[in-house]
Amino acid sequence: MINANRQTIYKNLLTCIILWGIFELVIGYLQLFGFIRNNNFLYKVTGSFFNPGPYCGFLSTIIPTALWLSFPADNSYIRHIAKAYIIGAIIILPFLSSRIGWISAIIGSAIVLSHIYNFDLRKRKNSIYIFIGILLCVLFLYVLWHLKPVSAAGRIFLWRIGISAALNKPFAGVGWNHVAGALGNAQEEFFKNNIEAISKYSAIGIPQYAFNEYIQIAVSWGIPTAIAGLVSLIFLIKSALNNKNYGIAGSITAFAIFAFASYPLQFTQFIILICLLSSLVLFSTINAQTYHYLAITIICIIGIIGIYNTYTRNSNIVEYDNYICNEISEYEELFSLMESNPHFLFDYGMILRKNKRLHESNIIMHKATEISSDPMPLNIIGRNYEDLKQYHLAEKYYKRACYRMPKLLYPHYLLMKLYGRPEYNNVNLMTSEAKAILTLNPDINNESMAWMRKEAQTCLDSLAGQAL
């Protein structure tokens, strides 16, 4: 237990967390009823986030703390605020369609309720409830899987890709801003070595995140750092339970589960929340030991670096959007500030290409592939090599673009045109790429796609006529 003064400060901080959650709820409800616009036109509700998934995870992380605060009888003010938050969150969560958010809220709340009602797993009479609970969990997970089976399978695929990327640099990692590039390289390597899997994972897009923060940290800063972060969370949960801070334990558990299948550390709100929850564990511990400080330090360091990198990346994107660059010299002046911005690097590489500085364009496009999983820089590198009449290198990069995102038509179109050149003239390969263009089903179908399909059909018709 903690003394009265510390307990007052402790509860006030917890109340601030609940009020923060209510603020996010207000934003969500205003978006739901159309009073304000959200941050992503594809979704109805996003809160202060750009996607309903992280928004759901944020609300779910706070629910266990609110649940714990809704029971004490000594402070009706806090109790009513907590109950209001829980009701508001439960109503809006179904609109957010985040399965991992729902699961994290349920498990985090179960930890709180089990201690509120003194549910003892060692008692024999509770075994039937345990059995029923396990059956319900299995049924619930089955239903959740079949709500969006393609999405679930894609997430597992991304974990596989992320683990592969982490194993390439298991100790040092690639750096926070290079994770997307590492994931793109790993996905490219996977499809290159498993061509038969392309049809199975035809819906896979460009991997921006690992959708598992432990894997994301392993790719970024090495496997030992990821293990240290996970162990620190487990230790903080255990410490919170030992000190009867069940709401904090439930919330950290909810965060840890949500981080298993999403990307909360990409958002400043999440990082501040988990650092605050972790610090409250220390604040409420009477005899804090060195390992308490170590665990919280690890979490806070990961969070602070995450905030810095996320802020730098986002500010660079916003700052670059305000620039209008028309000359190479303008890009050269911005390079030192914007070299971590993939959009800037791509535009810089393109203006170099337009000015026939093809080797320099390739250097910049290679830098873009290090921080982005987008296959377009690979296509441009291939086109530069084709213009330099280095056709085998052009073929190499077109194929890399095909493997990085197999459902795209454009790299197959470039290969088809390359194989049709008099200098190359490979009818079999040209036919294969033309058929691929007609078979693939990309997410977007526009005039460019229709034109490439028309070109592919013309190519096949011409080859058929020559055969006759």
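## Around helix α14

Lys-356 has a positive phi of about 65°, just after α14. The model is predicted. Helix α14 itself covers residues 342–354, 13 residues in total. From first C-alpha to last, α14 reaches 18 Å. That is close to the 18 Å expected at 1.5 Å a residue.

Asn-341 caps the N-terminal end of α14. A side-chain oxygen of Asn-341 sits 3.0 Å from the backbone nitrogen of His-343. The buried residues of α14 are Phe-344, Leu-345, Tyr-348, Gly-349, Met-350, Ile-351, Leu-352 and Arg-353.

## Other positive phi values

Two loops hold further residues of interest. Phe-211 has phi near 55°, a positive value in a residue other than glycine. Phe-211 belongs to the loop between α7 (179–193) and α8 (213–221).

Lys-244 has phi near 60°, again positive in a residue other than glycine. The loop carrying Lys-244 runs between α9 (223–242) and α10 (246–258).

## The chain as a whole

The chain has 20 helices and 0 strands. Of its 468 residues, 49% count as buried. The chain exposes about 23,700 Å², and carbon and sulfur atoms supply 63% of that area.

How are the contacts spread along the sequence? Take contacts between residues at least 6 apart in sequence: 67% of them join residues at least 24 apart.

## Two nonpolar cores

In soluble globular proteins, nonpolar side chains tend to be buried together. Here the largest nonpolar core has 87 residues. Those with the most contacts inside this core are Leu-59, Tyr-85, Leu-233, Ile-248 and Ile-252. A second, separate core of 30 residues includes Cys-402, Leu-414, Ile-437 and Cys-459.

Leu-233 shows what such a residue touches. Setting aside residues up to four places away in sequence, Leu-233 touches Tyr-214, Ile-252, Phe-255, Ala-256, Ile-274 and Ile-299. In the second core, Cys-402 is buried at 7% relative accessible area. Cys-459 is buried as well, at 13%. A search of the whole structure finds 0 disulfides.

## Helix α11 and Gln-269

Helix α11 spans residues 268–283. It has 16 residues and reaches 22 Å from its first C-alpha to its last. The expected value at 1.5 Å a residue is 22 Å, and α11 is close to it. Buried residues in α11 include Phe-270, Ile-271, Leu-273, Ile-274, Cys-275, Leu-277 and Ser-278. Leu-280, Val-281 and Leu-282 are also buried.

Gln-269 lies in α11. Is Gln-269 buried or exposed? Gln-269 counts as buried because its relative accessibility is 17%, under the 20% cut-off. Its side chain makes a polar contact of 2.9 Å with the side chain of Ser-48. Beyond its neighbours within four places in sequence, Gln-269 is in contact with Trp-20, Ser-48, Phe-49 and Phe-58.

## Ala-165 in helix α6

Ala-165 sits in helix α6, residues 149–168. This alanine is buried, with a relative accessible area of 3%. Which residues does Ala-165 touch, not counting residues up to four places away in sequence? They are Ala-182, Leu-183, Ala-186 and Val-219.

Val-179 offers a distance check. Ala-165 and Val-179 are 14 residues apart in sequence. Their C-alpha atoms are 8.6 Å apart in space.

## Helix α19 and the loop after it

Thr-431 lies in helix α19. Thr-431 is buried because its relative accessible area is 18%, under the 20% cut-off. Apart from neighbours within four places in sequence, Thr-431 is in contact with Leu-460 and Leu-463.

Leu-440 is found in the loop between α19 (427–439) and α20 (447–467). Leu-440 and Pro-406 are 34 residues apart in sequence. In space they are 8.6 Å apart, C-alpha to C-alpha. Leaving out residues up to four places away in sequence, Leu-440 touches Pro-406, Lys-407, Leu-408, Leu-409, His-412 and Arg-453.

Methods: Residues are numbered from 1 along each chain as its sequence is written. This is a predicted model: local features need pLDDT of at least 70, side-chain atom pairs count only at pLDDT 80 or more; totals for chains, interfaces and linings use all residues. Side-chain values use heavy atoms; hydrogens and water are left out. Helices (H or I, at least four residues) and strands (E, at least two) are DSSP runs, numbered from the N terminus. The expected span of a helix is 1.5 Å times one less than its number of residues. Buried means under 20% relative accessible area, exposed over 50%, partly exposed in between (1.4 Å probe, protein chains only). A polar contact is a pair of N or O atoms within 3.5 Å; within protein, one must be able to donate a hydrogen and the other to accept it, and residues adjacent in sequence count only if both atoms are side-chain atoms. A disulfide is a pair of cysteine sulfur atoms within 2.5 Å. Contact means heavy atoms within 4.5 Å. Accessible areas come from the Shrake-Rupley method with a 1.4 Å probe; for residues, only the protein chains shown count as cover. A nonpolar core is a set of buried Ala, Val, Leu, Ile, Met, Phe, Trp, Tyr and Cys residues joined through side-chain atoms within 4.5 Å.
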